[in-house]
Amino acid sequence: MNKDIELPMATRRFRGLRYQCSRYRVLKIPVLYVFITVATFLFFNFGLSISFHNRSVGESPQFSDCPGTDSFYTDQLSNVCRDSDPCITVHVFGYRRFNATQQLLNMLSKANYSTYSRDIPLIIHVDRPIQKGGSEKAWHDTELIADYGKGMSWPHGPKILDVKCHHHGLKHSWLSAWPDPRSNDIMIAFEDDMVLSPEYFVWLVKVLDEYNLWQASNRDPFLLGVSLAPVLIDEVGNPPHDRSPHEVISPERHPLYLHGLPSSWGAVYFGNQWKEFLRFVDVRARSPFFSDSDDGKNKKWKSLDGQDDPNLWLPQSKTNIWRNSWKRFMIDFAYGRGYYMLHPNMGPSLGLATSTFLAGEHFGNAASRNPRQGTLAKRIQLCLEEPLPPYIDLPVMDIYSRTIDSIAMAKRGDEFVRRISALSPSHSMLATLWRRPCVLDKILTPVKSFRTDGQNKMLLMVPEGSIEQQMLTLTCGAIVAGVLGRSLILPPVRVHGMPLQIKKGIRWISLGSLIDPIDIQAIFSNLDVAYLNMDDLHQWDPLRITVFGASIDNEDTFFSSVGWEHVPQFSWNFECQHVPPLLNERHVYSAFGTCSDEMLVLASLPRPLISDLRKLESFDYIHRALMKSVKQLQATTG
């Protein structure tokens with residue numbers, strides 16, 4: 001069903017007047033005559049501006065007076081995504097280039113949507129030409145885009161025509177296109193010089209299905225979204241990396257990869273991540289960190305002095321001089337948080353969408369094919385019938401197209417933002433929005449006010465159960481401590497039920513008295529470890545301790561033994577949006593990597609996480625070594 005919603009656009013009379021004024025200047029018509037003509041026009045059209053808020057859908061109010069347009073668009077957008085299911089919206093950004101926009105809209109309309117049964121709203125954003133200095137052709141083509149968008153058929157769901165009342169530019173058009181997304185919603189965005197494969201949506205649904213990306217709670221917390229286009233060259237590095245991803249990553253082994261460079265060509269963004277980005281860019285793109293006063297034509301590095309804070313520049317990145325680009329801020333955001341996007345890897349230059357690099361805001365008239373221009377993959381090349389490789393096995397590249405471990409990339413971003421945070425109070429405020437939030441930042445408790453940025457951060461796994469269970473728990477703690485870069489506390493061991501010859505009445509003894517400290521040091525050679533007895537633990541300020549996974553309801557527990565009955569504690573409640581599911585190492589680092597509490601205490605771990613940790617070689621080595629030492633001790637004392 002085709003449901004058209006049109007937002008304000010210029011009337012033919014308004015634009016016609018502009019053309020007439022131009023001709024009058026050429027013919028040197030007296031200024032007084034022009035003034036009388038304009039005054040007469042405004043008088044007879046004044047009623048339109050008064051009746052704006054009471055207009056019916058389809059009316060065309062005066063382009064020069066459009067109060068409330070942004071809120072009206074936001075209301076219409078929210079109306080097409082009302083229910084609780086994820087809502088996919090397709091956004092097209094059109095400006096001046098009518099033929100290209102018409103081609104893109106036709107390709108979108110004729111694409112294959114057979115694997116998706118819900119409505120797919122189409123939003124056509126039409127930017128207004130610049131008020132002063134704009135050519136007649138620009139105004140003419142912009143109205144053609146609006147007229148075509150209004151009249152075109154979109155059989156896949158509702159359609160919204162968002163014609164701007166003043167010039168936004170490409171950067172602000174992007175930033176205002178999706179103002180308040182819900183966490184599970186998905187945006188697919190195309191600029192008007194894009195072309196796409198008719199199977200783009202089938203491929204996307206396959207990716208969302210097989211990697212379980214429909215719900216925000218199930219997604220990789222570092223995943224910004226999906227790109228329909230591959231990264232063909234290093235467009236960021238200064239100097240650039242000389243190899244493209246498909247030359248480093250075999251398409252046969254890895255038909256997809258994760259890349260730290262966000263996409264603007266056939267970009268698919270997730271609502272939860274986009275909302276965080278909007279909060280960040282609202283501060284990052286303003287004074288004192290950024291100024292729009294530059295005209296965007298001077299591309300020399302030194303020209304940015306005083307107009308952009310160099311303390312925020314990414315290392316060796318050309319993006320630092322992209323003044324008119326919204327993507328520059330998305331790259332900043334992704335770098336600081338260690339985020340990446342999922343890209344296709346089908347072979348040299350093949351993808352689901354590509355830019356045609358028409359002359360426009362970012363590109364001049366090119367005499368030859370741009371090296372970033374890709375080739376649309378045919379259906380047979382998409383291998384839609386073959387299963388995708390496991391998500392956890394996908395290779396990762398940073399913004400410079402260099403292979404990297406995903407957690408190492410996140411730690412690099414954390415260090416970058418931490419340095420910025422220490423510069424000044426205003427920088428600290430920006431860093432709060434830039435860094436990935438610690439899980440505690442989302443839970444309103446007194447714990448937050450006692451957190452510090454000290455480097456001496458520790459992790460403790462609570463020893464409970466049999467000695468075998470305690471060694472399993474300690475092994476998990478070692479892996480988690482290594483991921484988070486924390487010192488591992490080697491707690492006292494609960495000896496109840498152990499076949500050891502110990503003094504009657506003693507329930508807790510030092511791990512060092514059971515296992516040779518030299519052996520312990522060898523087992524945990526890659527970690528900083530600390531022996532703490534019950535008295536040491538009792539001395540800690542409870543408000544500097546954070547406990548997850550505990551249930552303090554038994555007097556005969558570790559918590560009662562160290563006097564921590566009143567320590568704030570949080571359960572692994574995955575129904576609560578504040579505590580994300582912990583399924584693997586990436587989830588652990590996403591939740592706790594930026595936490596600066598002095599002692600993180602894990603009384604238990606979710607079963608899916610334990611199952612994932614047990615697959616690691618390091619887990620197997622540590623657990624075997626601990627159990628070997630315990631069995632040797634049991635054999636000599638039993």
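**Exercise 1. Helix packing**

Take helix α10 (residues 326-337) and helix α12 (residues 406-421) in this predicted model. Work out at what angle they pack, how far apart their axes are, and which residues make the contact.

*Solution.*
- Step 1: Get the geometry. The axes of α10 and α12 cross at about 105° and lie 5 Å apart.
- Step 2: Name the arrangement. Angles from 65 to 115 degrees go down as roughly perpendicular, so that's the label for α10 and α12.
- Step 3: List who touches whom. α10 brings Tyr 335, Gly 336 and Arg 337, while α12 brings Ala 410, Arg 412, Gly 413, Asp 414, Phe 416 and Val 417.
- Step 4: Sort the contact by class. You end up with four nonpolar, two polar and three charged residues.

**Exercise 2. A shared arginine**

Find which aspartates form salt bridges with Arg 118, and say where in the chain the partners sit.

*Solution.*
- Step 1: Start with Asp 83. Its side chain meets that of Arg 118 in a salt bridge, at 2.5 Å from N to O.
- Step 2: Place that pair. Arg 118 is in the loop between α4 (98-110) and β3 (122-126), and Asp 83 is in the loop between α3 (69-79) and β2 (88-94), 35 residues apart.
- Step 3: Move on to Asp 85. Here the closest N and O atoms of the salt bridge with Arg 118 are 3.1 Å apart. Asp 85 is also in the loop between α3 and β2, 33 residues from Arg 118.
- Step 4: Check accessibility. Partly exposed covers the range between the 20% and 50% cut-offs. Arg 118 at 34% falls there, as do Asp 83 at 37% and Asp 85 at 35%.
- Step 5: Put the pairs together. Through shared partners, Asp 83, Asp 85 and Arg 118 join into one network.

**Exercise 3. Another salt bridge**

Decide whether Asp 597 and Arg 486 are buried or exposed, and work out which parts of the chain their salt bridge ties together.

*Solution.*
- Step 1: Confirm the bridge. The two side chains meet at 3.3 Å, N to O.
- Step 2: Locate the ends. Asp 597 is in the loop between α18 (585-592) and β22 (599-602), and Arg 486 is in the loop between α14 (467-484) and β16 (487-490), so the bridge ties together parts 111 residues apart in sequence.
- Step 3: Apply the burial cut-off. Buried means under 20% relative accessible area. Asp 597 has 3% and is therefore buried; Arg 486, at 3%, counts as buried too.
- Step 4: Zoom out. Searching the whole structure turns up 21 salt bridges.

Note on methods. Residues are numbered from 1 along each chain as its sequence is written. This is a predicted model: local features need pLDDT of at least 70, side-chain atom pairs count only at pLDDT 80 or more; totals for chains, interfaces and linings use all residues. Side-chain values use heavy atoms; hydrogens and water are left out. Axes are lines fitted to C-alpha atoms, for helices over the stretch in contact, and angles run from 0 to 180 degrees between N-to-C directions. Helices (H or I, at least four residues) and strands (E, at least two) are DSSP runs, numbered from the N terminus. Angles under 35 degrees count as roughly parallel, over 145 as roughly antiparallel, 65 to 115 as roughly perpendicular and the rest as oblique. Contact means heavy atoms within 4.5 Å. Ala, Val, Leu, Ile, Met, Phe, Trp, Tyr, Cys and Pro count as nonpolar, Asp, Glu, Lys and Arg as charged, and the others, Gly among them, as polar. A salt bridge is a side-chain nitrogen of Lys or Arg within 4 Å of a carboxyl oxygen of Asp or Glu. Buried means under 20% relative accessible area, exposed over 50%, partly exposed in between (1.4 Å probe, protein chains only).
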